[in-house]
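Student: I would like to learn how to read an interface and the empty spaces in a model such as this one. Could we begin with a single contact and work outwards from there?

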Amino acid sequence: MTVFRILSGLAIAALLCAIAYDLRRRGDSWSRLKQSLHDQAKHAARVWRQRKSHGRKSTLDNLRRIVYVVAAVFFLLLALTGFSPILFLGGHLSGVLLIIHVTIAPLFALSLSALALLWAHRLRFDEGDWRFVLGLGRRRSPGKEMLVGLALKVGFWLVLFLSLPLMLTVILGLFPLFGTEGEALLIKGHGYSALLLMLVAVAEMYLTIAYVHHSTEHPVKEVGP
Amino acid sequence: MKTMTNTCIFALFLMLSGGLVSAQTPENIGDVADGNRSVPVHLIKLYDEFDHVIKLDDRPVMPFSARQTCRKCHDYEKIRHGWHFNAADSGDAGRRGEPWILVDRQAAIQIPLSYRRWTGTYPPASVGLSTLGFLKTFGRHLPGGGVGEKEGAQELSDYMRWQVSGTLDVNCQSCHNADPGQSPAEYGVQVLRQNFRWAATASSGFSTVQGSAGEMPDNFDLYSAVPPEQSNSLPPTVTYNASRFDVAGRVLFNVPRKMPSTQCSFCHSSKVIDPSRPERWQGEEDVHSAAGMTCVDCHRNGLDHLMVRGYEGEAETAGRPVAALFTCRGCHMGSIDAPVPVEGRRGAPRPLHLGIPPVHFDKLACAACHSGPWPTANTHRVKTSKAHALGIPKSDKADDALPQIATPVFARLQDGTFAPHDAFWPAFWAYQRQNDLAPVAPDRVRPLVKGVLGRDTTRVIGRWPVLREPEILEILRQLGLEDSTAGNPVYVSGGGLYAISTGGMLAWREDGAAKPYLWPIAHDVRPRAQSLGVRGCTDCHATDAPFHFGVVTIASPYVVNPDSTTRMTEYQDKSAVSAWVFSMSFLFRPGLKVLLILCFVLIASVVLISALRGLAHIIRTLAAEEE
């Protein structure tokens, strides 16, 4: 537990430092970040109001964005309830925080499944990404939008991939299959999976909010073809 | 001159060396093991308290003294500071244990007493019990020693009585005599008769003691006859079974190396009053005993007789690292601090604890799931040897005999873990000065209670003289009048403290002194298949699971709250709401499992399909480049 506490503390601190550094480097990004969040909130409200007037395609688009936001919110709540007792108290997740954590967990699992179904095709890797990667090898200066787009795709698939051990460690722990050491290992595996997932997911969310320039007021720009 | 100087120096050397030699304590023959595993035969002469060999033709024949008899081969001075005898010593009191409970039903009092400084207990002197009075009341279940033989603990006012009764030395046979005739009950009876110096002899199985020192006058002399005014009383007299003495005047004691559990059981028994199992044969014994183990297999000790109590943390608090090896964990799971593997001692199986999240092992003592009676919706009453004089002839055998102790109450230990406890609620009269309570001796209250109740001829006195508000007010007023300088008279009962308010009414408030006295229990250990959690999480995490929501009955002599109840969460520093909400979540646990599995399969499929498609794309690209 102590090792995990130190590692997760360092990792989260490093992530926050990187974000802070990037924001500082970009100078006016605080206001843009605020503006972006504000736009997304406005857009979500408008989509909700106009949900009946939209066509099927538009409804699906809106659903994609809503699922993205919902999954992000659930994930942040899970991360907060899961990591705060370990980071700040050095103890186990228990009491009210545990109740919140286990209540949100199935909702997050559902929203993540929906996210996988709705976004998998749009965020698939394609020929352009392959050429871009090859271009990196030839030391061509990459286009910023392409780089962000690729990062978002990588982030998306990493989130899905890391969610698998995250969920598997919980599922196995719910059945009387493992003994004391096995259960401890599962908890440890859950913690490290969650830590990696959090690092990737927060970076993904930051990139989405801070770097994707919206032609519309969509929270996530369509980066795939 | 020089010769004289040398002689003086030599003489001085001899004196000093002689002094040094005599200052060393040679190890007694019985205290040094040579490694032979056979059991030494204890065919020994008996010595009386004045260190004279006992002969059958002595007149009067004296009771033998375990102190004088056993010290010939064993270091009595070291032994007498062992755990069973050192309550009044200033050593570490260790984890809270069962107190002596002074019950005076006519004074509506039940109060926990102990010479150890366990929080929540009171020293016997605080309720007017002198050392002699304490022994007369509770010595029945004491193996002697401690205050029984400590001259410093004897009050001057009892000096003459101590001369009559003698001291209550350590009775080694209480634990070490496996003779079938060894009778701890007889020992208890003799102590109640104040036959302190005769008690060990009477219980030995090869002698009979008649008469009572308690009935003898203060000037009673061991060597003279009964004074004329006591001619109807029989002085304490010993008659030995002559057939047990050999020609050399020696007696055979059956002293096995490991004592059978029955020796411990006399003082360490408990009877859970479970209506579903009214008969003894319907109950079970501790799983370790059933497997053939004895108490001393775990509760070991050396010559110092500092028993391993066996609780987690004893190694640290008592400063004895070896104690960690004899806890539940020590035997069943080993110790990472041990230089060599120690788990599995005496065949202890290593528990699998399949499917139990590790947080349980941080939050629960082993006993929480494995010991005590299986928790039911309501706590049971339990009778214990110490509290209810079990085993003593003519003790109250009724199931509702006072004091009323509840079990199992799942409460927090000092280390923060949960464990089953026995609990009872103190009830006593006291004077309060600032935050301190000075209990009032039962002798002072009894007439007041009797006087108040005596006015009501319709009153039926049951187990308690059930008191009502005006009666408590009256008794408190009278206590205040008796001694106005002692402090504010109060009555502690049923978990609350009652005092006269400024308006002359009876006021109730919470107070630390009114809290129940709880002590952890570790036996009987149930088999694995009867451990909490064996049927799943809902053994403890159901909205009506006794672990959190069991009803604890509070026994009280005060009529407003006789047998009032609380929930188990009261003793767990836990909100009943949060415990209920958490338990509620387990209703959805099966659905959660299904949902998580479905989500996992779906996401895994998406990832797998995408990965395969990507792989197919790579293969196609490579093939195209090749073509």
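Tutor: Let us start with one pair of side chains, bearing in mind that this is a predicted model. The side chains of B:Arg350 and A:Glu181 meet in a salt bridge, with a distance of 2.8 Å from N to O.

Student: How many salt bridges does the rule find across the interface of chain A and chain B?

Tutor: The rule finds one salt bridge across that interface, and the count of residue pairs in polar contact between chain A and chain B, with both residues at pLDDT 80 or more, is five.

Student: Which elements give two or more residues to the side of chain A that touches chain B?

Tutor: They are α4 (95-119), α6 (144-173) and α7 (180-211) of chain A, and the largest share, 10 residues, comes from α6(A). Sorted by class, this side of chain A has 24 nonpolar, seven polar and three charged residues.

Student: How should I read the size of the interface?

Tutor: The size of an interface is often given as the accessible area that is lost when the parts come together. Here the area buried between chain A and chain B is about 3,000 Å², of which carbon and sulfur atoms give 78%. In terms of residues, 34 of chain A are in contact with 32 of chain B.

Student: Turning to enclosed space, how many cavities of 30 Å³ or more does a search of the whole structure find?

Tutor: The search finds four, and about 180 Å³ of space lies in the largest cavity. That cavity is lined by 13 residues, of which A:Tyr68, A:Leu115, A:Val159, A:Ala201 and A:Glu204 lie nearest its centre. The elements giving two or more residues to its lining are α3 (56-89), α4, α6 and α7 of chain A, and by class the lining divides into 12 nonpolar, no polar and one charged residue.

Student: And how much space lies in the second largest pocket?

Tutor: About 1,000 Å³ of space lies in the second largest pocket, and of the 38 residues that line it, the closest to its centre are B:Arg96, B:Lys515, B:Pro516, B:Leu518 and B:Tyr571. Two or more residues of the lining come from each of β9 (405-412), β16 (517-520) and β18 (564-567) of chain B, with the largest share, three residues, from β16(B).

Student: How do the residues of that pocket lining divide by class?

Tutor: The lining of the second largest pocket divides into 14 nonpolar, 13 polar and 11 charged residues, whereas the lining of the largest cavity has 12 nonpolar, no polar and one charged.

Methods: Residues are numbered from 1 along each chain as its sequence is written. Chains are lettered from A and ligands numbered from 1 in the order in which they are written. This is a predicted model: local features need pLDDT of at least 70, side-chain atom pairs count only at pLDDT 80 or more; totals for chains, interfaces and linings use all residues. Side-chain values use heavy atoms; hydrogens and water are left out. Contact means heavy atoms within 4.5 Å. Buried area is the accessible area (1.4 Å probe) that two parts lose on being put together, summed over both. A salt bridge is a side-chain nitrogen of Lys or Arg within 4 Å of a carboxyl oxygen of Asp or Glu. A polar contact is a pair of N or O atoms within 3.5 Å; within protein, one must be able to donate a hydrogen and the other to accept it, and residues adjacent in sequence count only if both atoms are side-chain atoms. Helices (H or I, at least four residues) and strands (E, at least two) are DSSP runs, numbered from the N terminus. Ala, Val, Leu, Ile, Met, Phe, Trp, Tyr, Cys and Pro count as nonpolar, Asp, Glu, Lys and Arg as charged, and the others, Gly among them, as polar. On a 1 Å grid over the protein atoms alone, a cavity is a set of points where a 1.4 Å probe fits but cannot get out, and a pocket is an open set with protein on both sides within 12 Å along at least five of seven lines; lining residues have an atom within 4 Å of a point. Grid points are joined across faces, edges and corners, and a volume is the space filled by probe spheres set on the points.
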